[in-house]
Amino acid sequence: MEHASFILLSWALSLGGTALYAWWVVRRGSQLSEHATDEEMPWT
Amino acid sequence: MNSSPVGHPDTATAGQLDARSVRHRGTGTVATRRLGVIVILMMILLAGLGLVFSAEDVVQGSTVRIMYVHVPTIWVAYMAFALTAVCSATYLSGRQRSLAWDRVAGASAEIGVLFVAISLVTGSLWGRLTWGTYWVWDARLTTTLFLFITYVGYLAVRRLGGTHRQRARRSAVMALLAVLEIPLVHFSVELWRSLHQEASVANPNARVELDGLMLFSLFFGLVTFTLVFVWLLLHRQRVLALEDAVSSRGLDVAIEQRRSEAI
């Protein structure tokens, strides 16, 4: 594949950036839920 | 006999703590976990379609493979910012003004900023290959950059402090103004001279000449990234709800402490 480095870098940044943000959000949620009551987490 | 109040993490009995530790804590639910699995599988399939199975472009060759992440991310960003505006309008117009609308608006904008950033970076890499440069100050790129900066500013406005309702009101007003940039960005290639190509599909004046599998892969990418957005939105707005709850509780405790000191 021509220009493979640019193409793969684009995909890596897109998927990797999204995955990194997702990981941060889930981790933040886990940390906050340690201090939350059941009423404050109606989705559980 | 143990008479500790039920539910508070600091005063629960050992048995209740054991039960809570077994139950999953966090922003996930069965539905979001299932959605997450579906999204991961769709991403893998999209990668296969975009990088391997879809055809190369007649003019751009293999560089067109960047399109399958570049286009969906900017479209989802548009959708995210539009949702922010809708939620903001709903918040301002409602009699009760539920802060849930504000949290969804904030979460949606944050995800939109992420996707605009990805679109700018992937577009820059694509531009390097097709135009020979990472950046030009043409209409499409410049207006997209303004869109990114505007919504970074929106996120900064949300962090200015004050009560949750003050945050919600000022953010909502800003969101309703900022959303006006979206049509400016989208139609910039038609309004002004631009290096950036016009819409290949969402253009009533253009004949869609994409190969069948290319077109399918592009739409599959749109659906996949939309589901990614939904998953992220569900989690992020729950995190914002937890942050609001923790900050409110902290304020309540501080007020109570001051009262007890005053007595």
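Select B:Tyr151 in this predicted model and display its surroundings. Beyond the neighbours within four places in sequence, B:Tyr151 is in contact with B:Phe81, B:Ala109, B:Val113, B:Ala175, B:Ala178 and B:Val179. B:Tyr151 is also among the residues with the most contacts inside the largest nonpolar core.

Next, bring up that core, which has 64 residues. Alongside B:Tyr151, the residues with the most contacts inside it are A:Trp11, B:Met67, B:Phe81, B:Phe115, B:Leu147 and B:Leu232. B:Phe81 therefore turns up twice on this stop: as a contact of B:Tyr151 and in this list, where the core is defined as buried nonpolar residues joined through side-chain atoms. Colour by element to see where the core comes from. Chain A gives two or more residues through helix 1 (4-33). In chain B, helix 2, helix 3, helix 4, helix 5 (139-158), helix 6 (164-178), helix 7 (181-186) and helix 9 each do so as well. In soluble globular proteins, nonpolar side chains tend to be buried together.

Now show chain B as a cartoon. Chain B has nine helices and zero strands, so the element order from the N terminus reads α-α-α-α-α-α-α-α-α. Of its 263 residues, 46% count as buried. Taking contacts in chain B between residues at least 6 apart in sequence, 74% join residues at least 24 apart.

Turn to the boundary between the chains. Select the 42 residues of chain B that are in contact with chain A, and the 32 residues of chain A on the other side. The two chains bury about 3400 Å² between them, with 71% of that on carbon and sulfur atoms. To find where chain B loses the most area to chain A, pick B:Arg25, B:Leu51 and B:Leu242; together they make up 18% of what that side buries.

For the polar part, zoom in on B:Glu243 and A:Arg28. Their side chains meet in a salt bridge, at 2.9 Å from N to O. Two salt bridges are found across this interface, and eight residue pairs are in polar contact between chain B and chain A, both residues being at pLDDT 80 or more.

Finish with the helices on the chain B side. Helix 2 (30-53), helix 3 (67-93), helix 4 (99-130) and helix 9 (212-262) each supply at least two of the residues that touch chain A. Helix 9 gives the most, with 13 residues. Colouring this side by class gives 24 nonpolar, nine polar and nine charged residues.

Key
Residues are numbered from 1 along each chain as its sequence is written. Chains are lettered from A and ligands numbered from 1 in the order in which they are written. This is a predicted model: local features need pLDDT of at least 70, side-chain atom pairs count only at pLDDT 80 or more; totals for chains, interfaces and linings use all residues. Side-chain values use heavy atoms; hydrogens and water are left out. Contact means heavy atoms within 4.5 Å. Buried area is the accessible area (1.4 Å probe) that two parts lose on being put together, summed over both. A salt bridge is a side-chain nitrogen of Lys or Arg within 4 Å of a carboxyl oxygen of Asp or Glu. A polar contact is a pair of N or O atoms within 3.5 Å; within protein, one must be able to donate a hydrogen and the other to accept it, and residues adjacent in sequence count only if both atoms are side-chain atoms. Helices (H or I, at least four residues) and strands (E, at least two) are DSSP runs, numbered from the N terminus. Ala, Val, Leu, Ile, Met, Phe, Trp, Tyr, Cys and Pro count as nonpolar, Asp, Glu, Lys and Arg as charged, and the others, Gly among them, as polar. A nonpolar core is a set of buried Ala, Val, Leu, Ile, Met, Phe, Trp, Tyr and Cys residues joined through side-chain atoms within 4.5 Å. Buried means under 20% relative accessible area, exposed over 50%, partly exposed in between (1.4 Å probe, protein chains only).
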